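Here is a short tour of one protein model. Take a look at the sequence and the structure before reading on.

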Amino acid sequence: MVQELVKTNYDLTKYGIQDANVHWNLPPEELQQITVDKGMGTETDNGTLVISTGKFTGRSPQDRFIVKDWYTKDRIWWGRINKPISPENFNKLYEEVVNYLSGKEIYARDGYVCADPEYRMNVRTVTEYPWSNLFISNMFLRCCEDQLDKFEEDWLVLCAPGYEAPDPAAVGLRQGNFSILNFTRKIALVAGSAYTGEMKKGIFTALNLILPTEKNILPMHCSANVGEQGDTAIFFGLSGTGKTTLSADPSRRLIGDDEHGWTMENTIFNFEGGCYAKVIDLTEEKEPDIYRAIRPGALLENVVLEEGTGKVDFADSSVTQNTRVSYPIDHIANIQSPSYAKNPTNIFFLTCDAFGVLPPVSKLTPGQAAYHFISGYTAKVAGTEAGINEPVPSFSACFGEPFMPLHPTAYAEMLSEKMQEAGVNVWLINTGWSGGPYGTGSRISLKNTRAMISAILNRELEKVEFHQHPIFGLFMPKTCPNVPQEILDPMNTWDDHGEYVSKAIQLAHSFHLNFEKFASQASDSIISGGPLIDTHHTLSEHI
């Protein structure tokens, strides 16, 4: 075993953890070996660690809480997403968790988030399991030796998957597992669930409150890359819209694939030091960067191995559809280092419209950009979930609603201000269907989508004529290099124009209904960015 460092600041007793056998900042290969030796994981044929997260194979949003106290009570958008818990109940749960960890063999790691040195936030993470610590090694930014010598944490993460609250109702919980943020004590407490994403998203949620309110930085659930000329592109999109695929461009360097900040100086910086990607149905042809990043040092979660071969069956969803891999960002070949860049020039909102009515590419006004940012639209297609037999609209505010403590309009106003100050263009890219809805039409080809994005990045649409969509108000280019002209206006791809208009009005109505909960705090310019029509318009007006 590699000899561990002994530092004067390596003391967990100040947190209440007593008599523990603590392993500090172990290298990934050692954490992997301990995991295998303890029978907590196995290895693939190429030596990548595979673990099971047990009962929870995804986040448990109904068991996520924020301590409601003097700091948070008037800042947080309380409700369905952000649920309060009292400081007293948090303190009881904290004491129970540190007592549970006391006397155990546990793993501690010092790292940080926010790649821009000016906004760095140090995070100390203490985990019950060695592979949970490997996840943190992959996902948070890694300290050098000098930084470890002088390390002082800004936030503490305690992760105890083996602990469950014995009487949940008595401490304000729904059930035994919980994920709680305490902004006054600066602690993220995770227990009862081994799903590693709870730690990552806990710190992301903390940054989504701290950065806009204390630093005037816009936090974003997005990927980003930078071109040879230093121009930065930002990609927002929910699962299945192509965010990871489209931001991985061999001619551009990847800044990060999930979480970023936008500063007053127009710097875009990565929050993380790694990537946490879905691997269901992964192939080298579809996702070469992710596929090649799965090697020793990476951590595979809940995948199934082919019997007797040690090969991953990426198509096997018998454990979960949410199979995952985490890996350090340097497992990707073409990265920006350090992971920040200036000069944002284009923002892409990616949606997979299974109704087949949104244009494949359209340019947004500032008001439309804010409206669609707040809406965070995509669609679930038939067969993705039990009971879904036709396309269903899906909205997630700011393309990351579960992690947004403030009211979505706060982030949208910041985005609108920043895009206007920086002269950024915002585009809506439909990676979904054309010529009809799912089951009738066809998926817009990746080749055409890449051509549209390339044309934008190469400034080839600057002199193209645009015309306005009659229902959504979006501005559609009449031509685009290397893209068939007939697909640019979605109505032209449908055999029955009346049926197209009917389906488009149906989707527009869904946008209006979803936006009602935000309207009271949205400015007139944002509200005006929505669809131009409502369900009272007749079909003949738009055919």
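Is the crossing of α8 and α9 left-handed or right-handed? The crossing of these two helices is right-handed.

## The pair α8 and α9

This is a predicted model. Helix α8 covers residues 366–375, and helix α9 covers residues 408–422. The two pack at an angle of about 145°. Their axes are 9 Å apart.

From α8, the contact draws on Pro366, Ala369, Ala370, Phe373 and Ile374. From α9 come Pro408, Thr409, Tyr411, Ala412, Leu415, Ser416, Met419 and Gln420. Sorted by class, the contact of α8 with α9 has 10 nonpolar and 3 polar residues. Charged residues are absent from this contact.

## Helix α3 and its cover

Helix α3 runs over residues 130–139. How many of the residues of α3 are buried? The count is 10 of 10, and α3 is mostly covered. The buried residues are Pro130, Trp131, Ser132, Asn133, Leu134, Phe135, Ile136, Ser137, Asn138 and Met139.

## α3 against α1

One partner of α3 is helix α1, residues 28–37. These helices pack at an angle of about 155°, with axes 8 Å apart. Angles over 145 degrees count as roughly antiparallel, so α1 is roughly antiparallel to α3. The crossing of α1 and α3 is left-handed.

On the α1 side, the contact uses Pro28, Leu31, Ile34 and Thr35. They meet Pro130, Trp131, Asn133, Leu134 and Ser137 in α3. By class, this contact of α1 with α3 has 6 nonpolar, 3 polar and no charged residues.

## α3 against α5

Another partner is helix α5, residues 197–215. The axes of α3 and α5 come within 10 Å and cross at roughly 45°. The two helices are therefore oblique to each other. Their crossing is right-handed.

Which residues of α3 meet α5? They are Ser132, Phe135, Ile136 and Met139. Across from them, α5 offers Gly197, Met199 and Lys200. In classes, the contact of α3 with α5 has 4 nonpolar, 2 polar and 1 charged residues.

## Aromatic rings

How many aromatic pairs does the structure hold? There are 33. One of them joins tyrosine 10 and tryptophan 24. This pair is stacked, at 4.1 Å centre to centre and 10° between the planes. It links distant parts of the chain, 14 residues apart. Tyrosine 10 sits in the segment before β1 (21–24), and tryptophan 24 is in strand β1. Both tyrosine 10 and tryptophan 24 are buried.

Phenylalanine 269 and phenylalanine 271 form a tilted pair. Their centres lie 5.7 Å apart, with 45° between the planes. Phenylalanine 269 and phenylalanine 271 are both buried. Elsewhere, one aromatic cluster takes in Trp77, Tyr371, Tyr377, Phe395, Phe472, Phe511, Phe515 and Phe518.

## The loop between β23 and β24

Strands β23 (344–351) and β24 (361–364) are joined by a loop that holds glycine 356. Is glycine 356 buried or exposed? Its relative accessible area is 0%, so glycine 356 is buried. Tryptophan 433 is 77 residues away in sequence, yet the two C-alpha atoms are 4.4 Å apart. Beyond its neighbours within four places in sequence, glycine 356 is in contact with Trp433, Ser434, Gly436, Pro437, Pro490, Trp494 and Tyr500.

Phenylalanine 355 lies in the loop between β23 and β24 too. Phenylalanine 355 is buried, at 3% relative accessible area. Between its C-alpha atom and that of tyrosine 438 there are 6.4 Å, while the residues are 83 apart along the chain. Leaving aside neighbours within four places in sequence, its contacts include Tyr377, Pro391, Trp494 and Leu507.

## Backbone details in three loops

The peptide bond from serine 337 to proline 338 is cis, with omega near -5°. Proline 338 is placed in the loop between β21 (324–328) and β22 (340–342).

Lysine 186 is not a glycine, but its phi is positive, near 60°. Lysine 186 belongs to the loop between β10 (178–182) and β11 (187–191). Its relative accessibility is 42%, so lysine 186 counts as partly exposed. Asparagine 343 also has a positive phi, about 65°, without being a glycine. Asparagine 343 is found in the loop between β22 and β23. At 40% relative accessibility, asparagine 343 is partly exposed.

Key: Residues numbered from 1 in each chain as written. Predicted model: local features only at pLDDT ≥ 70, side-chain atom pairs only at ≥ 80, totals over all residues. Heavy atoms only, no water. Axes fitted to C-alpha atoms, helices over the stretch in contact; angles between N-to-C directions. Helix = DSSP H or I, 4+ residues; strand = E, 2+ residues; numbered from the N terminus. Parallel < 35°, antiparallel > 145°, perpendicular 65-115°, else oblique. Left-handed = near helix turned anticlockwise from the far one by under 90°. Contact = heavy atoms within 4.5 Å. Nonpolar A, V, L, I, M, F, W, Y, C, P; charged D, E, K, R; others polar. Phe/Tyr/Trp six-rings, centres within 6.5 Å; stacked < 30°, edge-to-face > 60°. Buried < 20%, exposed > 50% of the residue type's maximum accessible area, 1.4 Å probe, protein only.
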